[in-house]
Amino acid sequence: MRLKNKVSIITGGSRGIGRSAVIKFCEEGAKVVIWDVLKEDGEKLASEMSGKGYVCIFQFTDVTNASMIEKNVNSIIEQFGQIDVLVNNAGITRDATLFKMTEEQWQQVINVNLTGVFNCTKAVAPHMVERGKGKIINTSSVVALYGNFGQSNYVATKSGIIGLTKVWARELGRKGICVNAVAPGFIETEMVMSVPEKVLQMMKEKTPLGRLGKPEDIASAYLFLASDEADYINGAVLSVDGGMTI
Ligand code: NAP
């Protein structure tokens, strides 16, 4: 019960890493709100969790839509009275090499991965500031630290996330809010399914632990940073990549 009664928003919670975090947070006693554009999967997960006796709801939320976020935040405050944790997990890829990347591919990724995180944090943080506490967890990536072929847009956003984390750790830290980032390695979700098998094999070989990560590996890091055990951790970037980056 490391998150007992903590009202936690998890963006991109319908599938992949987010889904795993939703389950873990529920099992640790949190009241979980799933924000995602994948309606069917999100509703199904919320109802599965509720069926097990946990408090879990789905709100259709496009993180690029600031007014939708504002409305959903207000409804959470009405229903639960507070927000304790925000996990900015939603993210997309639209890979192409520099010469082939279209402006649309560039902008889509910036909109979701960077502006989306800005929108959610801007709407949620004032409610945390009011209570003088809260945890914000952003999702960066191993590629932010080392770059990656064909991912100008994605790497720009994931590096930007590290910058935002440090700015907000300073701005919000003084108000009692901890802001940290997790930098996952290659994790077995739909997102990496488009990566060629040959590349994934290479990634495994570069990882001292000899395997790709599982969604639960990242969800556990989110859980730790959301818990009271991490009350003095602020502005950190936690690599969860099996040692790939050493
Ligand atoms: P995923 O399986 O693709 O799940 C991401 C979820 O976010 C999907 O349900 C997706 O819906 C949703 N989403 C997309 N756009 C959204 C929007 N505008 N508003 C709300 N939700 C939206 O991805 P994942 O692998 O679990 O990744 C989760 C996070 O970890 C991402 O930030 C990713 O960049 C990061 N990460 C992943 C890896 C990895 O290897 N998997 C490595 C490093 C970092 P749709 O399916 O409709 O797009």
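Colleague: Which residue in S3 does aspartate 36 stand opposite?
Modeller: Before we dig in, this is a predicted model: local features need pLDDT of at least 70, side-chain atom pairs count only at pLDDT 80 or more, and totals for chains, interfaces and linings use all residues. Residues are numbered from 1 along each chain as its sequence is written, and side-chain values use heavy atoms, leaving out hydrogens and water. Helices (H or I, at least four residues) and strands (E, at least two) are DSSP runs numbered from the N terminus, and two strands pair if DSSP finds at least two bridges between them. S2 and strand S3 (residues 56-60) run parallel, with five bridges joining them, and the residue in S3 opposite aspartate 36 is phenylalanine 60.

Colleague: And is the β-α-β crossover from S2 to S3 right-handed or left-handed?
Modeller: Point the strands away from you; if the path from the first strand over the helix to the second runs clockwise, the crossover is right-handed. Here the chain goes from S2 through H2 to S3, and the crossover is right-handed.

Colleague: H2 has a salt bridge too, I hear. How many residues apart are glutamate 48 and lysine 44?
Modeller: Their side chains meet in a salt bridge at 3.8 Å, N to O, where the rule is a side-chain nitrogen of Lys or Arg within 4 Å of a carboxyl oxygen of Asp or Glu. Lysine 44 is exposed at 56% relative accessibility, while glutamate 48 is partly exposed at 32% (buried is under 20% relative accessible area, exposed over 50%, partly exposed in between, with a 1.4 Å probe and protein chains only). Both sit in helix H2 (residues 39-51), about one turn of the helix from each other, and the separation is four residues.

Colleague: How far apart in sequence are the parts tied together by aspartate 84 and arginine 131?
Modeller: These two side chains also form a salt bridge, at 3.2 Å from N to O. Aspartate 84 lies in the loop between helix H3 (66-80) and strand S4 (85-88), and arginine 131 lies in helix H4, so the pair ties together parts that are 47 residues apart.

Colleague: Is aspartate 84 buried or exposed?
Modeller: Its partner, arginine 131, is partly exposed, with a relative accessible area of 32%. Aspartate 84 has 7% relative accessibility, so that side of the pair counts as buried.

Colleague: What is the volume of the largest cavity?
Modeller: On a 1 Å grid over the protein atoms alone, a cavity is a set of points where a 1.4 Å probe fits but cannot get out; a pocket is an open set with protein on both sides within 12 Å along at least five of seven lines, and lining residues have an atom within 4 Å of a point. Grid points are joined across faces, edges and corners, and a volume is the space filled by probe spheres set on them. Helix H4 (residues 103-131) gives the largest share of the lining, four residues, and Thr11, Val63 and Cys120 are among the residues that line the cavity. The volume is about 30 Å³.

Colleague: Which residues lie closest to the centre of the largest pocket?
Modeller: That pocket has a volume of about 1200 Å³. Its lining divides into 23 nonpolar, 18 polar and seven charged residues; Ala, Val, Leu, Ile, Met, Phe, Trp, Tyr, Cys and Pro count as nonpolar, Asp, Glu, Lys and Arg as charged, and the others, including Gly, as polar. Of the 48 lining residues of this pocket, the closest to the centre are Gly91, Ile92, Thr93, Tyr154 and Met191.
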